Amino acid sequence: MNKSSDAQRMEKIVSLCKRRGFIFQSSEIYGGLNGCWDYGPLGVELKRNLKDYWWRVMVHERDDVVGMDGSILMNRAVWKASGHEDTFTDPMVDCRSCKARLRADQLVEKKGIKQCPNCGGKDLTAPRAFNLMFKTFIGATEDESSLTYLRPETAQAIFVQFKNVLEVSRKKLPFGIAQIGKAFRNEINPRNFTFRSREFEQMELEYFCRAEEGMRWLDYWKEERLKFYENIGIARDNLHALTVPDEERAFYSKGTYDIEYDFPFGRQELEGVAYRTDYDLSQHQKASGKSLEYFDEETKQKFIPHVVEPSAGVDRTVLALICEAYCEDEAPDEKGKMETRIVLRFHPRISPIKCAVFPLLKNKEPLVAKAKEIVALLRPHMYVFYDETGAIGRRYRRQDEIGTPFGVTVDFETLGEKDLALRDTVTLRDRDSMKQERVPVKDLPSILVSRIS
Ligand code: GAP
């Protein structure tokens, strides 16, 4: 695709997100709040399905990982020890012509001269470090003694609770602690829809291991994470594992991969998989004076474990899922004339709604009653949507546009009015192939569960 069609595609995606209730601008009626977004009825389902699947794969299906849920506000000492207070900065530049505040790495360069991307102005200030953490105050006084920050990553709660979790879970190395939660960064230039936000969610695993095994676990987790993205429906061809060069890695990291996705606005990071050595635990041990060592019962040695961290963004992955799923194809309307169909081809396991149930006609009581019976049959197993309004083709189209993978239609055959052999059967329509199969109502839960899990 060329640049303008990529931009058009992105515009269509943003507009669909608003029109169908995936993502809204935060505080929209007051003119919005830059870098903040709200998830609507479908967006919240998509996000939950993503987080649930991550938790299932990273925690429930493994013996070597446990979860935790840390607080967003932590003692300021945490951010001093982790290095965030001094070094969690982006270089910022002001354009003296249009007064824009810019990240130094977002300037455009023409003939070797840096320019403002907004107005083309060349009168720019020298870069200065801007700390990305949001400050806040705990309690009634607002001074240095009550200052702390909204967490800019979830990881630090895991490091400072390492000893508690180790004791209660009785895990042996290698083992991991997983967490999903909000993080906040006062980004200089939030952009590309939800891609770079000021409030976002992370899904992080800190996988503790012995120093000599760090590089092996780094490669292991890179592969596991690539598999994860494929399993939620992102094509391998659109994913890239970039080896972060030495000069761009954090000084304490011995190796980092960025997992990138081909968004319509370019190839961008979805997740970082970093081998952080023993840096974080050592820093907290030093600053707190509390031992964060691991005792190896076999060798009787005490040491600070090393850690490999796959750290993914929930919002970026949701955006990648929507971009990947967005598709326009052709489908016949009620009169058989071909029309453009917008379809979100989500993997069924992450689709917000799994199945829509339609009575063929809304004014035929037995059809409506049967359809509602099927809704009740399916509800304990999945999120189901009932729709009786409009022509059946329109109803299919509305579900295609939000990515519902299956549609069940209750017709006169279901009631046994035409052919007794078809009594208590329904048509099951597949969103992608648009093919319909006739299946017994009693088999619907098991058929659908096997296709969405
Ligand atoms: N604990 C490591 C860490 O936080 P990071 O690369 O700064 O590493 C990890 O962040 C992931 O969090 C990123 O790959 C991205 O998916 C997500 N993320 C970071 N900043 C973000 C932002 N401003 N908006 C949305 N997602 C963000």
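Which polar side-chain atom lies 2.6 Å from a nitrogen atom of the ligand? One in Glu153 does. That contact is a good way into this structure, which is a predicted model.

Stay with the ligand for a moment. It is surrounded by 20 residues. Glu153, Ser197, Glu204, Glu269 and Leu270 are the closest of them. Phe195 takes part through its backbone: a polar backbone atom there is 3.3 Å from a nitrogen atom of the ligand. Arg316 takes part through its side chain, where an N or O atom is 3.4 Å from a ligand nitrogen. How much of the ligand does the protein bury? Taken alone, the ligand exposes 560 Å², and the protein buries 89% of that.

Phe195 and Arg316 also meet each other. Arg316 lies over the face of Phe195, at 3.8 Å from the ring centre. So these two residues each have a polar atom by a ligand nitrogen, and they are paired as charge and ring.

Now step back to the whole chain. The protein chain has 453 residues, and buried residues make up 51% of them. It holds twelve helices and 25 strands. Its C-alpha trace spans about 80 × 65 × 50 Å along the principal axes. The accessible surface comes to about 22000 Å². Carbon and sulfur atoms account for 49% of that surface. Contacts often reach across the sequence. Among those between residues at least 6 apart, 65% join residues at least 24 apart.

Aromatic rings give a concrete case. A search of the whole structure finds 22 aromatic pairs. One of them joins Phe175 and Phe208. Their ring centres are 5.7 Å apart, and their planes stand at 40°. That makes the pair tilted, because the tilted class covers angles that are neither under 30 degrees nor over 60. Where do the two rings sit in the chain? Phe175 lies in strand E11, residues 175–184, and Phe208 lies in strand E12, residues 199–209. The pair therefore ties together parts that are 33 residues apart in sequence. Both rings are out of reach of the surface probe: Phe175 is buried, with a relative accessible area of 0%, and Phe208 is buried, also at 0%.

A second pair is set at another angle. The rings of Phe228 and Tyr229 have their centres 5.5 Å apart and their planes at 85°, so this pair is edge-to-face. Phe228 is buried, with a relative accessible area of 3%. Tyr229 is buried too, at 0%.

Phe175 and Phe208 belong to a wider group. Together with Phe159 and Phe162, they form one aromatic cluster.

Last, look at Arg429. Its place is in strand E24, residues 425–430. Is this arginine buried or exposed? Arg429 has a relative accessible area of 6%, so it counts as buried, the cut-off being under 20%. What does its side chain meet? A polar contact of 3.1 Å joins it to the side chain of Asp400. Arg429 also lies over the face of Tyr396, at 4.3 Å from the ring centre. Asp400 and Tyr396 are among the residues that Arg429 touches, leaving aside those up to four places away in sequence. Others include Arg341, Arg397, Pro405, Phe406, Gly407 and Met434.

Technical notes:
Residues numbered from 1 in each chain as written. Predicted model: local features only at pLDDT ≥ 70, side-chain atom pairs only at ≥ 80, totals over all residues. Heavy atoms only, no water. Phe/Tyr/Trp six-rings, centres within 6.5 Å; stacked < 30°, edge-to-face > 60°. Helix = DSSP H or I, 4+ residues; strand = E, 2+ residues; numbered from the N terminus. Buried < 20%, exposed > 50% of the residue type's maximum accessible area, 1.4 Å probe, protein only. Lys NZ or Arg CZ within 6 Å of the ring centre and 35° of its normal. Near = heavy atom within 4 Å. Polar contact = N/O pair within 3.5 Å; in protein donor to acceptor, adjacent residues only side chain to side chain. Areas by Shrake-Rupley, 256 points an atom, 1.4 Å probe, with all protein chains shown as cover. Contact = heavy atoms within 4.5 Å.
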